[in-house]
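Open the model in a viewer and keep the selection tool at hand. The tour below goes stop by stop, saying what to select and what is there.

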Amino acid sequence: MTAAGTFGYGTEYSHLFDIQKLGAIVCKGTTLEPRDGNPQPRLVETASGLLNSIGLQNIGVKALIKEKAPIWANWRVPVMVNIAGETVDDYAQLAKELDGVAGISGIEVNISCPNIKAGGAEFGVNPESAARVTAAVKSATSLPILVKLTPNTGDIVGVAAAVAEAGADAISLINTVKGMAIDIATRQPLLGNRTGGLSGPAIKPIALSMVYEVAGAVEVPIVGCGGITTGNDAIEFIMAGASAVQVGTASFANPRAPLDVLEGIEQFMQKEGIKDIAELIGAARR
Ligand code: SIN
């Protein structure tokens, strides 16, 4: 899968490679109303990573349903919509609006964005609020729901168990790790929003250990995410217990990265004589 916020609405990449070969596309975080996002600068490159503080800039759910879903309805690749809100009701309303719309195959519930003043990661840091959002979305839609977790909590296993119990069909982790960078010439934070979320290879070991821990605690499928750049990275996440992976920041340096990762997984399986990826899921746990 592509990771939300790194692959636009998929349309931006469709002329660059055959995106229909991917497992799924997860589109940019979507809110009830359109958002302009946070003040610039919103991206800073760091050692082996990328800090972002986009602030959920997006076109809003109504425009997404009118302008993007009809395009997706003609695609073979399933598209999931990442949703974010400031209140539990926002999430439920988003889920209701997306339910039954042709071209939308699932919902990723974003309780992990660190760049907004209200909502987002606020809901993902403790099990009770994470479960409330999950249950509200679940009862508002018949679409499968994937809940995306934040690493910026002291209790990722507790949050994962709570959202699984509340009806998540699958869990994706991790979203970005809160971070910042300072310009020593101006003595000011480099990001307009002061702090942001770190992604890319720098966070891969953190993501991997969280996937490993969560896989030991829940029965629902896990989608691993965080710094995956190659097929071998993806295999590590699968061996830690993920059933699928998302490729995010790597797409900024190499737009074909999601397909390269998929082909890398296939090459590894061929080399090892593995017929079914299920043989590898959780291999490092046994
Ligand atoms: C953003 O738009 O600020 C990033 C989205 C996210 O971290 O979920």
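A residue counts as exposed when its relative accessible area is over 50%, as buried when under 20%, and as partly exposed in between. The model on screen is predicted.

**Stop 1: Gly-154**

Select Gly-154, in the loop between β6 (145–148) and α5. Is Gly-154 buried or exposed? Its relative accessibility is 90%, so Gly-154 counts as exposed. Now add Asn-52 to the selection: the two residues are 102 apart along the chain, and their C-alpha atoms are separated by 22 Å.

**Stop 2: three helices**

Colour helix α4 (residues 127–140) and helix α5 (residues 156–165). Their axes come within 8 Å and cross at roughly 30°. That makes α4 and α5 roughly parallel, since angles under 35 degrees are counted that way. The crossing of this pair is right-handed.

Next, colour helix α2 (residues 88–98), which packs against α4 at an angle of about 25° with the axes 8 Å apart. Helices α2 and α4 are therefore roughly parallel to each other. The crossing of α2 and α4 is right-handed.

**Stop 3: salt bridges**

Opposite charges on side chains can pair when the charged atoms come close. How many salt bridges does a search of the whole structure find? It finds eight.

Stay with α4 and select Lys-138 together with Asp-169, which form a salt bridge with the closest N and O atoms 3.1 Å apart. Lys-138 belongs to helix α4 and Asp-169 to the loop between α5 and β7, so this pair ties together parts 31 residues apart in sequence. Asp-169 is partly exposed at 32% relative accessible area, and Lys-138 is partly exposed at 30%.

Move to Glu-86 and Arg-35, whose side chains meet in a salt bridge of 3.9 Å, N to O. Glu-86 is in the loop between β4 (79–83) and α2, while Arg-35 is in the loop between β1 and β2, so the pair ties together parts that are 51 residues apart in sequence. With a relative accessible area of 44%, Glu-86 is partly exposed. Arg-35 also counts as partly exposed, at 24%.

Another pair to select is Glu-272 and Lys-271, where the closest N and O atoms of the salt bridge are 3.6 Å apart. Glu-272 is partly exposed, at 45%, whereas Lys-271 counts as exposed, at 63%.

To finish this stop, show the side chains of Lys-204, Asp-233 and Glu-236, which are linked in a network of salt bridges.

**Stop 4: the loop between β1 and β2**

Return to the loop that holds Arg-35. Pro-34 is found there too, and with a relative accessible area of 54% it is exposed. Pro-34 and Arg-132 are 98 residues apart along the chain, and 24 Å separates their C-alpha atoms.

Pro-41 is in the loop between β1 (25–30) and β2 (43–46). Zoom in on the peptide bond from Gln-40 to Pro-41: this bond is cis, with omega near -10°.

**Stop 5: backbone exceptions**

Most peptide bonds are trans, and most residues other than glycine have a negative phi. Which two residues does the next cis bond join? Select Leu-173 and Ile-174, where omega is about 10°. Ile-174 is in the loop between β7 (170–173) and β8 (177–179).

For phi, go to Leu-56, which has a positive value of about 55° although it is not a glycine. Leu-56 lies in the loop between β3 (49–52) and α1 (61–72), and at 4% relative accessibility it counts as buried. Then go to Arg-194, another residue that is not a glycine, with a positive phi of about 70°. Arg-194 is in the loop between β10 and β11 (196–199) and is partly exposed, at 47%.

**Stop 6: the surface**

Turn on the surface and select Met-180, Ile-182 and Ile-184, which make a nonpolar patch of about 350 Å². Ile-184 sits in the loop between β9 (182–183) and β10 (188–189), and with a relative accessible area of 77% it is exposed.

The last selection is Gly-216, in the loop between α6 (204–215) and β12 (222–225). Gly-216 counts as exposed, at 51% relative accessibility. Add Val-26 to close the tour: Gly-216 and Val-26 are 190 residues apart in sequence, and their C-alpha atoms are 25 Å apart in space.

Definitions and conventions: Residues are numbered from 1 along each chain as its sequence is written. This is a predicted model: local features need pLDDT of at least 70, side-chain atom pairs count only at pLDDT 80 or more; totals for chains, interfaces and linings use all residues. Side-chain values use heavy atoms; hydrogens and water are left out. Patches are made of residues with over 30% relative accessible area and no salt bridge: like charges are joined within 9 Å, nonpolar side chains (Val, Leu, Ile, Met, Phe, Trp, Tyr) within 5 Å. Accessible areas come from the Shrake-Rupley method with a 1.4 Å probe; for residues, only the protein chains shown count as cover. A salt bridge is a side-chain nitrogen of Lys or Arg within 4 Å of a carboxyl oxygen of Asp or Glu. Helices (H or I, at least four residues) and strands (E, at least two) are DSSP runs, numbered from the N terminus. Buried means under 20% relative accessible area, exposed over 50%, partly exposed in between (1.4 Å probe, protein chains only). Axes are lines fitted to C-alpha atoms, for helices over the stretch in contact, and angles run from 0 to 180 degrees between N-to-C directions. Angles under 35 degrees count as roughly parallel, over 145 as roughly antiparallel, 65 to 115 as roughly perpendicular and the rest as oblique. A crossing is left-handed if the near helix is turned anticlockwise from the far one by less than a right angle, and right-handed if clockwise.
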